[in-house]
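Reader: I'm new to this one and would like a walk through it. Could you show it to me before I start asking?

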Amino acid sequence: MSSESQEDAIFKALANGKRRQMLDAIRHAPLTTGALCEKFPEMDRCTVMQHLKVLEDADLIIPRREGRERWNHLNALPIQAIHDRWISQYAGHAMSVLSALKGELDG
């Protein structure tokens, strides 16, 4: 997969609020798919699995099987790559614009 299509998959995965909530849920420790279903009772198991598939395709989660359980581990490296490529560059520019504006208002 090209880096551009991988970035598209990451942005697609992060565009959905429920998927972001799932990533938040596994941020500190992995959870089984069953535990994620319990955390999101408004969704049926099939819907949770569909969201997990999108996250897995974007490489944002790493599933590990242990017996009959599937443990979902957060992989934060793709999010860091998006930050490094997109957010940090634009944040620096925004800070310089705000600093210049503050200087003009103060002067």
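Reader: How far apart are the end C-alpha atoms of residues 9–83?

Author: First, a word on the source: this is a predicted model, where local features need pLDDT of at least 70, side-chain atom pairs count only at pLDDT 80 or more, and totals for chains, interfaces and linings use all residues. Residues are numbered from 1 along each chain as its sequence is written, and side-chain values use heavy atoms, with hydrogens and water left out. The span 9–83 carries the annotation "domain: HTH arsR-type" from an unreviewed UniProt entry; UniProt positions follow the numbering used here, feature names are shortened, and annotations may be inferred rather than shown by experiment. The stretch is 56% helix and 19% strand (DSSP runs, H or I of at least four residues for helices, E of at least two for strands, numbered from the N terminus), and its end C-alpha atoms are apart by 15 Å.

Reader: Which residue forms a salt bridge with E42?

Author: A salt bridge here puts a side-chain nitrogen of Lys or Arg within 4 Å of a carboxyl oxygen of Asp or Glu. E42 sits in the loop between α3 (33–39) and α4, and its partner is in helix α2 (residues 17–25), so the pair ties together parts 24 residues apart in sequence. The closest N and O atoms are 2.5 Å apart, and the partner is K18.

Reader: Is R70 buried or exposed?

Author: R70 meets E56 in a salt bridge, 3.4 Å from N to O. That links strand β3 (residues 69–74), home of R70, to helix α4, home of E56. Buried means under 20% relative accessible area, exposed over 50%, and partly exposed in between, using a 1.4 Å probe and protein chains only. E56, at 30%, is partly exposed, whereas R70, at 15%, is buried.

Reader: Why is C46 in no disulfide with C37?

Author: A disulfide is a pair of cysteine sulfur atoms within 2.5 Å, and a search of the whole structure finds zero of them. C37 is buried, at 15% relative accessibility. The closest cysteine sulfur to that of C46 is the one in C37, and the pair is too far apart for a bond because the distance is 9.9 Å.

Reader: What is the phi of D59?

Author: Most residues other than glycine have a negative phi. D59 is in the loop between α4 (45–57) and β2 (61–66), and is partly exposed at 36% relative accessible area. Its phi is positive, though D59 is a residue other than glycine, with a value near 65°.
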